[in-house]
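Good morning, and thank you for making time for this presentation. I would ask you to keep the sequence and the model in view while I speak.

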Amino acid sequence: MSFTQGSSPSQTVTLTTEEFGDVYDKPKANYVVQVLLGVDKTSSKINGSHITASGVDTDDNGSNDTVLAGTLVTIPGGALTDSGAAGTLVIAGHGTANGVTLEEKDTVYVTYVVNNDDEFAYVADKLLSIRQDGSGTQTELRFPAIAGADAADTVVLYHAAGKGAEVVKGLESILNATKRTGAVSFDAQESIFPVDHVTAIGYTLGS
């Protein structure tokens with residue numbers, strides 16, 4: 001699920017049952033929250049931890065000072081707050097470690113992370129589409145929703161940037177296998193991912 005900021009940006013992200021089904025009100029530890037920067041950010045809008053990790057040196061003084069638009073930054077749990085309202089997360093501003101002050105054109109991506117007690121099965125023949133997200137670090141598989149008509153569930157495969165094409169090739173190999181019985185398992189608990197370069201898995205339930 002994505003939230004693109006308009007002229008009145010908000011640090012609060014409200015999840016809905018329409019996008020996340022009955023997992024919408026899980027604690028913050030169940031979600032991966034990322035921000036795709038829509039504008040360049042300096043220390044007045046993004047915490048120095050992100051500048052050090054992802055920034056560039058724009059004034060050639062030997063130190064990173066700006067994180068450029070188009071950069072995807074991950075917001076760790078320490079910079080997220082469960083607001084107390086069901087399905088509501090608050091992203092810390094730049095004054096907090098790993099925080100980001102959101103501005104117009106920034107896009108927040110929220111993905112539910114598979115937990116040890118979560119298990120879903122999808123029929124390969126029901127695959128609707130495979131697509132890359134804007135960050136280049138996620139490959140998304142869409143299937144008809146487990147619950148709810150005229151909706152789709154999205155399974156998210158996380159991988160290193162630039163590896164999307166190889167992940168798709170791995171998926172094609174599975175989908176085109178001559179053996180058409182049995183199951184192919186992705187196990188987040190045991191870190192079992194039968195496609196090269198995949199490092200984690202998440203999903204969004206349609207409803």
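I shall begin with the overall make-up, then turn to the cores, a pocket, and several individual residues.

Please bear in mind throughout that this is a predicted model. The protein has 207 residues, and 37% of them count as buried. It contains three helices and 11 strands. Read from the N terminus, the order of the elements is β-β-α-β-α-β-β-β-β-β-β-β-α-β. Among contacts with a separation of 6 or more, 64% join residues that lie 24 or more positions apart. As for the surface, about 10,800 Å² is exposed, and carbon and sulfur atoms supply 48% of that area.

Let us move to the interior. The largest nonpolar core has 25 residues, and those touching the most other members are Leu15, Tyr31, Val33, Ile75, Ile91, Val108 and Val110. Which strands each supply at least two residues of this core? They are strand 3, residues 31-36, strand 4, residues 72-75, strand 6, residues 88-91, and strand 7. A separate core of 10 residues lies apart from this one, and its members include Leu141, Phe143, Leu171 and Phe193.

I would single out Val110 in the largest core. Once neighbours within four places in sequence are set aside, Val110 is in contact with Met1, Phe3, Val13, Leu15, Phe20, Tyr31, Val32 and Val33. Two of the names in that list, Leu15 and Tyr31, also appeared among the core residues that touch the most other members.

The next topic is the second largest pocket. Its volume is about 380 Å³. The lining consists of 18 residues, and Met1, Glu19, Glu140, Thr154 and Thr204 are the ones nearest the centre. By character, the lining divides into five nonpolar, seven polar and six charged residues. Which elements each give at least two residues to the lining? Helix 1 (17-20) does, together with strand 7 (107-113), strand 9 (138-144) and strand 10 (152-159).

One of the residues nearest the pocket centre, Thr204, deserves a closer look. Thr204 is found in strand 11, which covers residues 198-204. Is Thr204 buried or exposed? It is buried, because its relative accessible area is 9%, and the limit for that class is under 20%. Thr204 and Met1 are 203 residues apart along the chain, yet their C-alpha atoms are separated by 7.5 Å. Beyond its neighbours within four places in sequence, Thr204 is in contact with Met1, Glu19, Phe20, Ala152, Asp153 and Thr154. Met1, Glu19 and Thr154 from that list are also among the residues nearest the pocket centre.

Strand 10 leads us to Val155, which has its place there. With a relative accessibility of 11%, Val155 counts as buried. Leaving aside neighbours within four places, Val155 is in contact with Tyr122, Thr139, Glu140, Leu141, Phe143, Ile201, Gly202 and Tyr203. For one of these, Thr139, the C-alpha to C-alpha distance to Val155 is 8.3 Å, with their positions 16 residues apart in sequence. Leu141 and Phe143, also in that contact list, are among the members of the core of 10 residues.

I turn now to the loops, and to a point of backbone geometry. As background, most residues other than glycine have a negative phi. Asp60 has a phi near 55 degrees, a positive value. Asp60 is found in the loop between helix 2 (48-54) and strand 4, and at 70% relative accessibility it counts as exposed. Asn98 likewise has a positive phi, of about 70 degrees, although it is not a glycine. Asn98 is found in the loop between strand 6 and strand 7, and its relative accessibility of 27% makes it partly exposed.

Two further loop residues complete the account. Ala85 is found between strand 5 (80-82) and strand 6, and counts as partly exposed at 43% relative accessibility. Ala85 and Asp25 are 60 residues apart in sequence, with 8.4 Å between their C-alpha atoms. Glu119 has its place in the loop between strand 7 and strand 8 (129-132). Why does Glu119 count as exposed? Its relative accessibility is 76%, and exposed residues are those over 50%. The C-alpha atoms of Glu119 and Phe186, 67 residues apart along the chain, are separated by 9.8 Å.

That concludes my presentation, and I thank you for your attention.

Key
Residues are numbered from 1 along each chain as its sequence is written. This is a predicted model: local features need pLDDT of at least 70, side-chain atom pairs count only at pLDDT 80 or more; totals for chains, interfaces and linings use all residues. Side-chain values use heavy atoms; hydrogens and water are left out. Helices (H or I, at least four residues) and strands (E, at least two) are DSSP runs, numbered from the N terminus. Buried means under 20% relative accessible area, exposed over 50%, partly exposed in between (1.4 Å probe, protein chains only). Contact means heavy atoms within 4.5 Å. Accessible areas come from the Shrake-Rupley method with a 1.4 Å probe; for residues, only the protein chains shown count as cover. On a 1 Å grid over the protein atoms alone, a cavity is a set of points where a 1.4 Å probe fits but cannot get out, and a pocket is an open set with protein on both sides within 12 Å along at least five of seven lines; lining residues have an atom within 4 Å of a point. Grid points are joined across faces, edges and corners, and a volume is the space filled by probe spheres set on the points. Ala, Val, Leu, Ile, Met, Phe, Trp, Tyr, Cys and Pro count as nonpolar, Asp, Glu, Lys and Arg as charged, and the others, Gly among them, as polar. A nonpolar core is a set of buried Ala, Val, Leu, Ile, Met, Phe, Trp, Tyr and Cys residues joined through side-chain atoms within 4.5 Å.
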